[in-house]
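Subject: Structure handover

Hello,

Please find the structure below. My notes on what was found in it follow.

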Amino acid sequence: LLWQGNEPFIGEEVEVDNIYFDYTSKFEYFIGYSHSFFDKRLTIGFKSKLIKGLQNASVEYANSTFNTKDEVQNYFELTANTNYLLNTSNVIPITESISNILGTLKYYSLSQNYGYGFDLGLKANIADKFNFNFSICDLGNINWNANVINYQSDATFIYNGFTYDVNTDDQQNFFDSLLDSLKNEFNPEEL
């Protein structure tokens with residue numbers, strides 16, 4: 001769709017689904033210990049962690065469809081549908097103005113999203129030239145409960161072209177109008 005445009009898909013519905021996104025920012029405070037056995041042929045270690053989650057944003061589900069209808073009255077009509085749920089914690093709200101962001105960052109750095117975790121590791125020297133390593137890392141949980149905002153959108157946008165007068169220099173107003181229409185249709189709802 002991005003490479004060839006929508007011409008090969010005229011009269012068909014194109015699905016863009018199973019979109020996955022997960023962003024996490026965190027601090028970890030940990031203590032660990034390891035010990036060797038059998039003349040250092042076997043080493044076992046662990047790390048216990050207290051985690052402070054700073055920010056998280058993840059997509060629970062995201063599906064979109066695009067349909068270009070066959071020519072109707074000498075134009076093609078593009079219909080776009082979206083259905084997604086975005087979960088956030090301690091992320092600056094989408095609706096926040098740029099002027100308020102710097103003051104908001106200081107507030108969000110005092111996160112109350114705590115969790116725990118641990119790592120386990122094992123190293124075995126089985127022969128002179130053969131080693132076996134095994135580890136389990138980042139097993140744990142962060143409770144994302146501070147400044148939680150979830151966004152949902154289930155919208156449809158129908159685009160059936162535009163009229164542009166080459167005798168006027170009104171390009172900026174056209175693009176502003178188009179962006180405003182997209183913003184109004186796909187504006188996510190806070191849950």
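The largest share of the nonpolar surface patch comes from strand S6, which gives five residues. Please keep in mind that this is a predicted model. The patch covers about 940 Å² and is made by Tyr33, Phe46, Phe118, Leu120, Ile126, Phe130, Phe132, Phe134, Ile136 and Leu139. Two elements give two or more residues to it: strand S5 (113-127) and strand S6 (130-142).

One residue of the patch, Ile136, is found in strand S6. Its relative accessible area is 31%. Because that value lies between the 20% and 50% cut-offs, Ile136 counts as partly exposed.

S5 and S6 are also paired with each other. They run antiparallel and are joined by eleven bridges. Together they form a hairpin, with two residues between the strands. Within this pairing, Ala124 stands opposite Phe132 of S6.

Turning to the interior, the largest nonpolar core consists of six residues, namely Ala57, Val59, Ala62, Leu86, Ile149 and Tyr151. Strand S3 (42-68) and strand S7 (148-159) each supply at least two of them. The largest share, three residues, comes from S3.

What is Leu86 in contact with, leaving aside its neighbours within four places in sequence? The residues are Ala57, Ser58, Val59, Ile149, Asn150 and Tyr151. Among these, Ala57, Val59, Ile149 and Tyr151 belong to the core, as does Leu86. In soluble globular proteins, nonpolar side chains tend to be buried together.

Regards

Methods. Residues are numbered from 1 along each chain as its sequence is written. This is a predicted model: local features need pLDDT of at least 70, side-chain atom pairs count only at pLDDT 80 or more; totals for chains, interfaces and linings use all residues. Side-chain values use heavy atoms; hydrogens and water are left out. Patches are made of residues with over 30% relative accessible area and no salt bridge: like charges are joined within 9 Å, nonpolar side chains (Val, Leu, Ile, Met, Phe, Trp, Tyr) within 5 Å. Accessible areas come from the Shrake-Rupley method with a 1.4 Å probe; for residues, only the protein chains shown count as cover. A salt bridge is a side-chain nitrogen of Lys or Arg within 4 Å of a carboxyl oxygen of Asp or Glu. Helices (H or I, at least four residues) and strands (E, at least two) are DSSP runs, numbered from the N terminus. Buried means under 20% relative accessible area, exposed over 50%, partly exposed in between (1.4 Å probe, protein chains only). Two strands pair if DSSP finds at least two bridges between them. A nonpolar core is a set of buried Ala, Val, Leu, Ile, Met, Phe, Trp, Tyr and Cys residues joined through side-chain atoms within 4.5 Å. Contact means heavy atoms within 4.5 Å.
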